[in-house]
Structure formats: structure tokens, C-alpha cells
Amino acid sequence: MERINVTKSFLPPKEEYQAYLSKIWEASWLTNNGPLVVELEDKISKYLNSQYFSFVGNGTIALQIAIKALELEGEIITTPFSYCATTTSIIWENLEPVFVDINPQDLNINADLIEAAITEKTSGILATHVYGNPCDVEKIEEIAKKYNLKVIYDAAHAFGVEYKGKSLLEYGDISTCSFHSTKVFHTVEGGSINCHSEELHEKVKLLRSFGHILDNYYVAGINGKNSEFHAAMGLCNLNHLSSIISGRKRVFRIYDNLLNWDHLEKPTEITPDLVYNFAYYPVVLENTEITAKIMEALNKENIYPRRYFYPSLNQLKYLTNYQSCPVSEDISCRVLSLPLYPDLEDKIVENISEIINSNL
Ligand SMILES: *Cc1c(COP(=O)(O)O)cnc(C)c1O
């Protein structure tokens, strides 16, 4: 029985990648802003209609560079419902994460609770568009303006999502993305930073390459660069993006039609102002017992959904002060992301739906 995981990395036809390998060998330029990195940045900028886009080593270094570039300090308001990198990037920069609970509909940070969490030490908000569902960007912008806070969006799930006519990566002072091989669009390992001014863009590029240009050393930067080999994978995959997304949409629609919604909730709502990328298929079950039962029933058939996201990040053991987030803590124990990738066969999706329905 074939093992079915929550996702499967897309691979382009090998010849397409090999054609780029020949170019790399010809140019003998492997990293440090080589021609393929420049070409990828150019093509993605056009695709996103973004003026200031930087390709970096991964989605985590993107968050760290974003925090550094915006010179955040003290406390950062953040979501407990995300991948751990959202929280650890704050801790890694020696800042204090302040968790604001999520709303139970779309599982994003509850913008109505943000103001109450602001103190004189707050310098920014770091929120995730979880599963590619947009946060309440209007409300968050309004609060940020009022209190003079910077906004970073962890848009790791949002490549290909448009909200109100523009890429979701174009919101906030900075949006970061991940191009890890498990994401909708990938460069094996990789990530990106979008911002909105030439000045900030130059700062990001400086921070990403050790903080120096030739013999001039400006700031204490880091190595956040990415290579020609990774850019080549991105250039191949970019050409397949629309078929990747439509393949995911097909699977998405089958689950939509077959699952028994009397006993399940779906956090993703595709509103008319949203162009979605079909990144994840999360379902929220009625309680932890049913969740465990369904996990077990699926695992028995060699099917492995994932608890995206568990644990709730405010409960990470290495955090010293516990901050309660009841909604996130509750939902993280009964959410499952179901297998979703472009070439997942209809009959497997039907089988997964049947197993779930019969255990609800
Ligand atoms: C994948 C992911 C990251 C980390 O990205 P990497 O490229 O693996 O470093 C950060 N935040 C979220 C929400 C993610 O899903």
C-alpha cells in the first residue's frame, strides 16, 4: 500500500532542470547573486507585481532578517497558531513574543484582541496568514498606524494568493514567504522578503549578505543568500505553478463535496475578494477523541494527515512565561490537515473522505 502523506513535493520534468544545470556549468557561477537568482527574482517580482522582492535562503531567515531590518525591539505581538518558526524567529532575535489568541473561524490572529495586548514595549506585530487565509489586514493596519507599530506577515502559505486585487505578499511593512519543498511553490529550500521602499529593500539585501559590500562593512548581517541550484528549481517550478494550483483545486473540491459537514468545520472560506492557492485542506473535528480515532483509522490505511498546527505555540515548553490562548489551544488539538497535492488520485481522496465520515 502506497504511503500517502499530507503533501508530496512537486518535481518538474528532469530535462527542464538539467537545461538550467548546463547554464550553471557554463557560467561557473554557483551562488552570491548569480544570473539565475537574478532571473528568478525578476520573474517572481513580475508575477507578484511587486517592486521590492528578495530571494533568501529559507522562510525562517526571511523572518529574522525582517525583524532586524525593521529594527524591532521589546515585545512583538504574534499568533499562537502557526509553524514554530514564527515564534522562534522572535525569540532568536532576543525579543519577547506576546501571544494574542486566534478567532475560531479562520484561525488567524484575532485582530479585535490586539489592542489590549499592546504595552509601551510593543514594537511590532508578526502574524501568519494561516493556510493562506488572509488575516484581517485592514484592522491590523489601522491598529499599527494608531500605535506606530511595524507589521510583518509570515506569508509562508500565501504564495499565489491574491486579496482585494493584489498579492497577499504585498501587505504589511514586510511579508515573508517560504519556498520549502513542502510548499505550493518551492525552490527545494528557499524563502523571500517583500517590502515597499527602496531604502528597506537595500537594507534587506545588505543584511542577507553579511552586511557588507566589497570592502565596506555597514551592519552586522547574516548569510541569507540562496544559490543558483535553488533558483533553477524555482525557475522550473514557476512555469508549472498554474497547473500545480489547479491540481490542488481538484482535490479540494472532492473533499468539499464528500465530507460530512454536519460534524466538521472548515476554516478556509473562499470569499469573492480572494484568489486562493489551495495550499492546505484543514478540517476541525468535534473533539480530541474523534481526532485521535480518525488519525488512527487513516494511519491504518497508510494515510498520514498532519496536525497543522500542533502544539499551540504559546504552549512551547521552552517559553518561560505561559500566556493563555484558549481558542488556539483547543483547536490545535482537533485540527487535521488532509493529504493535498496536485497528482493525488480521486479514488484516494474519496477513500480518505469515507474513512473520515465513518468515524465522525
Ligand atoms: C514553512 C513555514 C515557515 C518556515 O519556512 P522554512 O522555509 O522551512 O524556513 C515559517 N512559517 C510558516 C507558517 C511555515 O509554514
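How far is an oxygen atom of the ligand from an N or O atom in the side chain of His 157? I began my notebook with this point, keeping in mind that the model is predicted, and I found a separation of 2.7 Å between the two atoms.

**Entry 1: the ligand and its contacts**

I next looked up two further side chains that face oxygen atoms of the ligand. For Ser 178, I noted a polar side-chain atom 2.7 Å from a ligand oxygen, and for Lys 183 I noted a polar side-chain atom at 3.1 Å from a ligand oxygen. I then checked how much of the ligand is covered, and I wrote down that the ligand taken alone exposes 380 Å², of which the protein buries 91%.

**Entry 2: the surroundings of the ligand**

I asked where the ligand sits, and I found it in the largest pocket. Helix H3, residues 59–69, and helix H4, residues 84–92, are the elements that contribute two or more residues to the shell around the ligand. I counted 15 residues around the ligand, and the closest of these include Thr 60 and Asp 154 as well as His 157, Ser 178 and Lys 183. When I sorted the shell by class, I obtained three nonpolar, 10 polar and two charged residues.

**Entry 3: salt bridges**

I reminded myself that side chains of opposite charge can pair when their charged atoms come close. With a cut-off of 4 Å between a side-chain nitrogen of Lys or Arg and a carboxyl oxygen of Asp or Glu, I arrived at 16 salt bridges. One that I followed up joins Glu 71 to Lys 203, whose closest N and O atoms are 2.7 Å apart. This pair links distant parts of the chain, since Glu 71 lies in the loop between H3 and strand E3 (75–78) while Lys 203 belongs to helix H7 (residues 198–208), and the two are 132 residues apart.

**Entry 4: the backbone**

Before looking at backbone angles, I noted that most residues other than glycine have a negative phi, and that most peptide bonds are trans. Glu 71 came up again here, with a positive phi of about 55° although it is not a glycine.

Which peptide bond, with omega near 5°, is cis? I found that it runs from Tyr 308 to Phe 309, and that Phe 309 lies in the loop between strand E16 (303–304) and helix H11 (326–332). I also recorded a cis peptide bond joining Tyr 310 and Pro 311, with omega about -5°, and I placed Pro 311 in the loop between E16 and H11.

Notes
Residues numbered from 1 in each chain as written. Predicted model: local features only at pLDDT ≥ 70, side-chain atom pairs only at ≥ 80, totals over all residues. Heavy atoms only, no water. Near = heavy atom within 4 Å. Polar contact = N/O pair within 3.5 Å; in protein donor to acceptor, adjacent residues only side chain to side chain. Areas by Shrake-Rupley, 256 points an atom, 1.4 Å probe, with all protein chains shown as cover. 1 Å grid on protein atoms, 1.4 Å probe; cavity = no way out; pocket = protein on both sides within 12 Å on 5 of 7 lines; lining within 4 Å. Sits in = over half its atoms within 2 Å of the grid points. Helix = DSSP H or I, 4+ residues; strand = E, 2+ residues; numbered from the N terminus. Nonpolar A, V, L, I, M, F, W, Y, C, P; charged D, E, K, R; others polar.
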